2 protein chains.
Amino acid sequence: MLESPRIAIVGPGAIGLFYGALLAKAGASVNLLARSDLSVLRSRGIVVQRGGATHTVTAPTVVAQASPAEIGPVDLVIVTLKTTANDRFEELIPPLLGPDTAILTLQNGLGADEHLARLFGASRVLGGLAFIACTRVAPGEVQCLHPGTITLGEFGRPAGERARAIAGWFERAGIPTTVTDRLAEARWQKLVWNVPFNGLSIACGGLSTDRIVADPVLSAEVRALMDEVAAAARALGHTVTEEFIRSQIDITPSLGAYRPSSLIDWQAGREVEIEAIWGEPLRQARAAGAPTPRLALLHALLRTLCNQRRRDSCPPTKP
Amino acid sequence: MLESPRIAIVGPGAIGLFYGALLAKAGASVNLLARSDLSVLRSRGIVVQRGGATHTVTAPTVVAQASPAEIGPVDLVIVTLKTTANDRFEELIPPLLGPDTAILTLQNGLGADEHLARLFGASRVLGGLAFIACTRVAPGEVQCLHPGTITLGEFGRPAGERARAIAGWFERAGIPTTVTDRLAEARWQKLVWNVPFNGLSIACGGLSTDRIVADPVLSAEVRALMDEVAAAARALGHTVTEEFIRSQIDITPSLGAYRPSSLIDWQAGREVEIEAIWGEPLRQARAAGAPTPRLALLHALLRTLCNQRRRDSCPPTKP
């Protein structure tokens, strides 16, 4: 296991900045592929607010670059782009790859693992689920409300030495990290919560989760959507137990007036990860022959709401 | 058949004003139970804009009254209230009833026939479907874009002499009117179009029907919702043929940038007829054991959007 791996972070938003700062403090050489935050990151490094204190991580352990070519090959590429920007993989990732470079995507939903595997070879790819609450509050500055945990695994095969080594780097950086032999199953399990709550929070006109669970009619729809996602996961060979589903319902009231990440994106006028969270699960469910009528309707509505807004804010240019 | 029936119109909005004017011109004695439009109707009568011309119908053939007691018993009560005001039946209708008074509701969706039958006896009740395009453009003033047709029937039994007499009054007033022996079936058939288009037009953030049919993802959801409604209708013993469903899809592009009545209500900040169009059909489908997952989700979303807006516009008073 490398003591001081070279890591590139592609998409240094809140999660990328936070993990980047922690991995750098733990001894990794962290390269941020930055765009809008580039000059701030170069002059000041990453600023992390956490538990009332502020920490700063600067060069040389953290280096911000404008292009992947300036970074060059690394041991590990961590992908924290919004999935709506995944069409940039082919432009951003190749210069970062050496013969043994691993690629870890910590992105939401389904599809990114497969996408990276198609482009760069399945053997390079790992995926992970970041259970974390943090927000980018200013350029180069992230506020961490809850450092959470990571679950990671290899794409399409059980976890091996490499996955455990990468998990070890995160552990040393202070993030409890679990290795799973069943990455795809873990992704589907996370969808059991994300599909209904992220989706209904937007489709209901901007409802936090406390308002959803307080309404018996909406709660019944949450449960029905969870059942559809679980049945689709099972049709694909994954395990989702009734106890797990119930736990996903039971934890929600404790989150308070929680706004799911997709609702935050929606309300901030940013792109919503429609395809990763609803579109690709729907396609996989259909291919497996699992009936998902509510997921289909919810996907159609969310997709239309987002298309509508894009259309309203960017009217087509007339000749 | 009475040559000059006494008719009371409860809820003189666009449809009530239009039919009231036409029935009065055809010889009926029309009494409008008016509220906000009362003084205008008393001073000026009903103004109808149609095909570029303006017609006015005044007293004594049209009389506006502020209370049902001032009208007293009539031959026919025509109910054209919004269904969201149906909790006022017990206050508004009894003074209008004599021993043989019939009650005809021309309201949307399901539930009003049964509601009136429960309160005033099934034998008095008829229901009808108004296929019409008209708008109340000012107090006492209605613009008719398309006079359309009426389909009417007796509640819970085949049409008899009375239904044909009432249809005859509408025919004499110039509205082609069909009598059906199967009122409930006709109501379910109308829902095949109204459930998806009225619902999706609101849930998609304000889409006219041309935009819905132009989107293949939304069109597939329209068809799936139509299939759910048709299957529920069949489970309740009604006939809805594949040809009928297809006709409902095929006519829609010809409507152009059409805004369903519920979308017009929603965009004007008025109450949407959630229970008549989605809630009651959902309950009846469930009671018949017909699976309606998309209808259930759509109902939950529309109900929440409306509750949200009511809550936002009328914050609870604090002590």
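These are my notebook entries on a predicted model with chains A and B.

**Entry 1: symmetry**

I started by laying chain A on chain B. A turn of 180° with a shift of 0.0 Å along the axis does it, at an RMSD of 0.0 Å. The two copies are thus related as by a two-fold rotation axis. I also looked up how far the contact surface is shared: 96% of the contact residues of chain A recur in chain B, so the same surface serves both copies. Which residue of chain A comes closest to the rotation axis? That is R294(A), with its C-alpha at 2.7 Å.

**Entry 2: a helix pair between the chains**

Next I went to α9 of chain A (residues 216–235) and α13 of chain B (residues 293–313). Their axes come within 10 Å and cross at roughly 140°. With oblique ending at 145 degrees, where roughly antiparallel takes over, α9(A) and α13(B) therefore count as oblique to each other. The crossing of α9(A) past α13(B) is left-handed.

I listed who touches whom. From α9(A) come V217(A), L218(A), E221(A) and L225(A), and they meet P293(B), A296(B), L297(B), A300(B), R303(B) and T304(B) of α13(B). Sorted by class, the residues of this contact are seven nonpolar, one polar and two charged.

**Entry 3: a helix pair inside chain A**

For a pair within one chain I picked α7 (residues 183–203) and α12 (residues 274–287) of chain A. They pack at about 125°, and their axes are 10 Å apart. Therefore α7(A) and α12(A) are oblique to each other too. I noted a left-handed crossing for α7(A) past α12(A).

On the α7(A) side I found W188(A), L191(A), N194(A), V195(A), N198(A) and G199(A); their partners in α12(A) are I277(A), W278(A), P281(A) and Q284(A). What does the class count look like here? The contact of α7(A) with α12(A) has six nonpolar and four polar residues, and no charged ones.

**Entry 4: cis peptides**

I checked omega around P60. In chain A, the bond joining A59(A) and P60(A) is cis, with omega at about 5°. P60(A) sits in the loop between β4 (53–57) and β5 (62–65) of chain A. In chain B, A59(B) and P60(B) are also joined by a cis peptide bond, with omega about 10°. I found P60(B) in the loop between β4 (53–57) and β5 (62–65) of chain B.

**Entry 5: the annotated stretch**

Last, I pulled the UniProt record. Its unreviewed entry puts the feature "domain: Ketopantoate reductase N-terminal" at residues 7–155 of chain A. Over those residues I get 24% helix and 44% strand, with the end C-alpha atoms 19 Å apart.

Definitions and conventions
Residues numbered from 1 in each chain as written. Chains lettered and ligands numbered in written order. Predicted model: local features only at pLDDT ≥ 70, side-chain atom pairs only at ≥ 80, totals over all residues. Heavy atoms only, no water. Axes fitted to C-alpha atoms, helices over the stretch in contact; angles between N-to-C directions. Helix = DSSP H or I, 4+ residues; strand = E, 2+ residues; numbered from the N terminus. Parallel < 35°, antiparallel > 145°, perpendicular 65-115°, else oblique. Left-handed = near helix turned anticlockwise from the far one by under 90°. Contact = heavy atoms within 4.5 Å. Nonpolar A, V, L, I, M, F, W, Y, C, P; charged D, E, K, R; others polar. Least-squares fit on C-alpha atoms with pLDDT ≥ 70 in both. UniProt positions renumbered as here; feature names shortened; annotations may be inferred.
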